Amino acid sequence: MGNTPFCASLRWIEVDLPEIIAYKEQALKDQQPLCWLERVKLDITNLALRKTFFSEINLATRQTLVITEGLLSYLHETQVALLATDIYEQSNLNWWLFELESSLALKDYDKVYARKIFDQYFANGNKTLLFAPEQGADFFQQYNWKVAKSVSAWKKLHRLKRGIKFIYLLEIIMKLVANESWEKIQQQGSIVLLKRSPAVSDLVKTKEVVEKR
């Protein structure tokens, strides 16, 4: 949650694997939440448990923002599609925020040495970047989501002064010697906010009601 200012009435539900939640609770045991905080031990890739959890949240809330931080890029496209569908099925889950890798990042995957090292030590050599759709954020339109906002992750980190050390120096050098490459780097990750849009069936129902009147 970082230094984000929250009001006491905000209900923040944090969902993660049991071992991750246990670690966080131990590490933050002396910290006082600034809002109504709940931690739920759940593997979000478990379809049955996920559907039940989403349904419970939907019944208990009216306006909900879903944040999937550091998740989508580790899932296969079919898994992301199912997640998009499951979230949309709950009418009060109105917004969805996540970071999205570009297809360029996936194409250049084998050229990035840091990724190879990460995969070797944390994933037994298997690729950890799995989801980076050619359509970008428009991928989610087929699941009745529309893009409310999309910004470059690099530029956002730059603005918040939370980027890589010496990023300002790197930016100056890259713009001078390889500006095109620098532009591509900045496009490799984005922060996307989606808003649910009416499903075709909902539009048909609305039209029928209007015609009856």
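## A parallel strand pair

In this predicted model, strand β1 (residues 11-16) and strand β2 (residues 36-41) run parallel and share six bridges. Strands here are DSSP runs of E with at least two residues, and helices are runs of H or I with at least four, numbered from the N terminus. Two strands pair if DSSP finds at least two bridges between them. Within this pair, W12 sits opposite L37 of β2.

Helix α1 (residues 18-27) joins β1 and β2 in a right-handed β-α-β unit. Right-handed means that, with the strands pointing away from the viewer, the path from the first strand over the helix to the second runs clockwise.

## Overall build

The protein has nine helices and six strands. It counts 213 residues, and 29% of them are buried (under 20% relative accessible area, 1.4 Å probe, protein chains only).

Contacts are pairs with heavy atoms within 4.5 Å. Of those between residues at least 6 apart in sequence, 76% link residues at least 24 apart. The exposed surface is about 14,700 Å² (Shrake-Rupley method, 1.4 Å probe), with 56% supplied by carbon and sulfur atoms.

## Confidence

Mean pLDDT, the predictor's confidence in each residue from 0 to 100, is 78 for the protein. A score of at least 70 is reached by 63% of the residues. Among the elements, helix α3 (residues 77-88) has the highest mean, 97, and helix α9 (residues 200-212) the lowest, 45. Residues 203-213 fall below 50, and this stretch makes one contact in the model beyond near neighbours in sequence.

## Basis

Numbering starts at 1 along each chain as its sequence is written, and side-chain values use heavy atoms, leaving out hydrogens and water. Local features need pLDDT of at least 70 and side-chain atom pairs 80 or more, while totals for chains, interfaces and linings use all residues.

Conventions: Buried < 20%, exposed > 50% of the residue type's maximum accessible area, 1.4 Å probe, protein only.
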